[in-house]
Amino acid sequence: MSIHLTARPGTPGARSPRPTRSRRVGALVALAAAGALALSACGATAKKDAASTGAAAGPATGLQIMVPNSPGGGYDTTARTVAQVMDNQKITSSVQVFNLPGAGGTVGLQRVVNEKGNGKLAMQMGLGVVGAAYTQKSKATLGDTTPIAKLIEEAGAIVVSKDSPYKDLKSLVDAWKKDPSKINVGGGSSPGGPDHLLPMQLAKAVGIDPTKVSYISYDGGGELLPAILGNKIGFGASGFGEFLEQVKSGSVRVLAVTSDKRIDALPDVPTVKESGIDFTFTNWRGIVAPPEISAGDKQVWVDALTKMHGSDAWKAELEKRGWTDAFETGDQFGTFLKAQDQDVADILKGLGLTS
């Protein structure tokens, strides 16, 4: 039989060998395997392309945003607004927001740094955490995190209770200059944070030695508000957006805002400049993630926040809360973060709070 199979093709009278059953089966198996390999290759390419472009088959799932101070403050409000908009717009599915307060935000910062590689976790933060990392002598630094996005900027405000003796900024500053140590200033951040830097720089602008200022730190605006309402402090210095509801209800008064121009949300409130003091101050808030997360996980966060930023729902929140749009992502935000870190370090050194 083997002799018949050795006839060369093309030889006159030679017959093509008839495949045996085992060879037919082998050919079919090979064909099926090739088809499966082709289908598998197509599927892998599609997934890879989706990951490389940041595209998602549906809403991002399993995401968490940690707030490094108590409920009710600016970070908390921002994080919950972000989560709500992303969920309502079907950009994400059930983003979990949780609070981990302590040490001006550095307890949360340490947690984020410890979660190395966890691409599902992010932390709401801002200028306050930058300063707290220095004054709290935190082992974890923002340089250890992965910058995701800067979201907003917000003017500061000088706030008093409705029955405060100070009816305008001039009367407050006059009393403050007479004896800075007798008028306690409250803020929702630890030394080095925006609520601390604001009155220190304002003091300098009106001729008060910042080292004479009596500053009382509260863990976020949620804890600061009762101190203002209860007249436990002479005035509060914080982001004005944290007190909008209380301003509308008449329980607190904003004497001045620290922006260049009046704010649409508080059109009757003058700026510090209008009170004759050459001073402006702006706070900001953003989001960072743990170190060493994958490029794909970072892109999921950036894409989700970029889609949120482009939504009408987010624009409505900016207007409602008086926030200034300051959106930037990734490396651009990372560059900004480094510059802020250096600026805060220089200010704190000048105040004698760091070496």
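In this predicted model, the side chains of Glu-154 and Arg-285 form a polar contact at 2.7 Å. Glu-154 belongs to strand 6, which spans residues 146-161. The relative accessible area of Glu-154 is 2%; because this value falls under the 20% limit, the residue is classed as buried.

Arg-285 also appears among the residues that Glu-154 touches when those up to four places away in sequence are left aside. The other residues touched by Glu-154 under this condition are Gly-239, Phe-240, Gly-241, Glu-242, Thr-282, Asn-283 and Trp-323. The buried Glu-154 is thus described both by a polar contact between side chains and by its contacts with residues beyond its sequence neighbours.

Two loop residues were examined for their backbone geometry. Most residues other than glycine have a negative phi. Ala-103, by contrast, has a positive phi, near 55 degrees. This alanine is located in the loop that connects strand 4 (96-99) with helix 4 (106-114). Its relative accessibility is 35%; since this lies between the 20% and 50% limits, Ala-103 is counted as partly exposed.

A positive phi is likewise found at Lys-137, with a value near 50 degrees. Lys-137 occupies the loop between helix 5 (127-135) and strand 6, the strand in which Glu-154 is found. The relative accessibility of Lys-137 is 68%; because this is over 50%, the residue is counted as exposed, whereas Glu-154 is buried.

Notes:
Residues numbered from 1 in each chain as written. Predicted model: local features only at pLDDT ≥ 70, side-chain atom pairs only at ≥ 80, totals over all residues. Heavy atoms only, no water. Helix = DSSP H or I, 4+ residues; strand = E, 2+ residues; numbered from the N terminus. Buried < 20%, exposed > 50% of the residue type's maximum accessible area, 1.4 Å probe, protein only. Polar contact = N/O pair within 3.5 Å; in protein donor to acceptor, adjacent residues only side chain to side chain. Contact = heavy atoms within 4.5 Å.
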